[in-house]
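Trainee: Hello! I would like to learn how to read charged pairs in a protein model. Could you walk me through it?

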Amino acid sequence: MKKLLVTGGAGFIGGNFVQYMTGKYPHYHIYNLDLLTYAGDLTKHQKIESNENYSFVHIDIADREAVNELFEQVNFDYVVHFAAESHVDRSITDPEIFIRTNVLGTQVLLDAAKGANIKKFVHVSTDEVYGELDFDPASFFTEETPLQPNSPYSASKASSDLLVRAYYETYGLPVNITRCSNNYGPYHFPEKLIPLTISRVLNDQKVPVYGDGKNVRDWLHVLDHCSAIDLVMHSGEIGGVYNIGGHNERTNLQVVRTIIEALGKSEDLIEFVEDRLGHDKRYAIDPSKIERLGWRPVYDFETGIAQTVDWFLENKEWWEQIISGEYQQYFDRQYARK
């Protein structure tokens, strides 16, 4: 039985990947490593927690002793590294935790993997490390685009990308780096645009939209992302970088309006607020390289967003318990000055 370590497997993308892999590969043992910070949640794994091919490990990736002990106990074949602080807004107000988790935590994992006989270390990154594009629809990020991060979050991810590259070049660690566009889908933590909009519209609350709402993002369904990482893990050229995007560019305002229309609500719920510091204008990915590897997205944006809205309607008990307490306090602080 092959052994796969998934870091950040209680989060949004990592959590969907854990479920995807346990279902597709019953002959793989999936180890879900997570610290269970504010965005970590194990209820999403209730249906698989008794599976013989699934284990949860409660560890901080920056805890060198605990990580080394785990690698000594389990001879992992693969590591897929999702664990990261990922919310740009939080990185602006508290960048230190992003450096600790995203940079130092990645280094700890790399050191542990370097001393083990793993087949592949897949580092899951973001298109935000490339900086921003203008609004020219013919311009895209490629794997050769220089890294020019503009937020503490993207700077911490770019730093971890460079560490992964260095461990390949210096130590010969078999690695891949993937850089994805904005994900959406089930179990998306409601501080991000799409789940925030859905949850607030369903409660007839104002939806804050930064600036004029014209910032453009390329949207990728999380299950399409999972299938791409699966392919890279098994077939990606060692040392290679793969951009993963869905060719689903939308302005933030278009996304919000699509959700409001789907829920039959009024656009009066839209509230334009002071723009975020260092807000990148546009992200767009050229996924040609991973398409040559054999990947294609299944979800177009219209189908994917409709299914996502339905999922949030059918799983209110999951997100309603999140948007009270600490989350509401965060929301009030974040938008009080806007």
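Mentor: Gladly! Let's begin with a term: a residue is called buried under 20% relative accessible area, exposed over 50%, and partly exposed in between. Keep in mind that this is a predicted model.

Trainee: What is the general idea behind a salt bridge?

Mentor: Side chains of opposite charge can pair when their charged atoms come close. In this structure there are 13 salt bridges. One of them joins lysine 24 to aspartate 230, with 2.7 Å between the closest N and O atoms. Lysine 24 belongs to helix H1 and aspartate 230 to helix H7, so this pair ties together parts that are 206 residues apart in sequence.

Trainee: Is lysine 24 buried or partly exposed, and which of these words fits aspartate 230?

Mentor: Lysine 24 has a relative accessible area of 44%, so the term is partly exposed. Aspartate 230 has 3%, and is buried.

Trainee: Which residue forms a salt bridge with arginine 100?

Mentor: That is aspartate 60, at 2.8 Å from N to O. Arginine 100 sits in helix H4, while aspartate 60 is in the loop between strand S3 and helix H2, 40 residues apart. Arginine 100 is partly exposed at 34%, and aspartate 60 is buried at 15%.

Trainee: And which helices hold aspartate 111 and arginine 64?

Mentor: Aspartate 111 is in helix H4 and arginine 64 in helix H2, so their pair ties together parts 47 residues apart in sequence. Their closest N and O atoms are 2.9 Å apart. Aspartate 111 is partly exposed at 22% relative accessibility, and arginine 64 is partly exposed at 35%.

Key: Residues are numbered from 1 along each chain as its sequence is written. This is a predicted model: local features need pLDDT of at least 70, side-chain atom pairs count only at pLDDT 80 or more; totals for chains, interfaces and linings use all residues. Side-chain values use heavy atoms; hydrogens and water are left out. A salt bridge is a side-chain nitrogen of Lys or Arg within 4 Å of a carboxyl oxygen of Asp or Glu. Helices (H or I, at least four residues) and strands (E, at least two) are DSSP runs, numbered from the N terminus. Buried means under 20% relative accessible area, exposed over 50%, partly exposed in between (1.4 Å probe, protein chains only).
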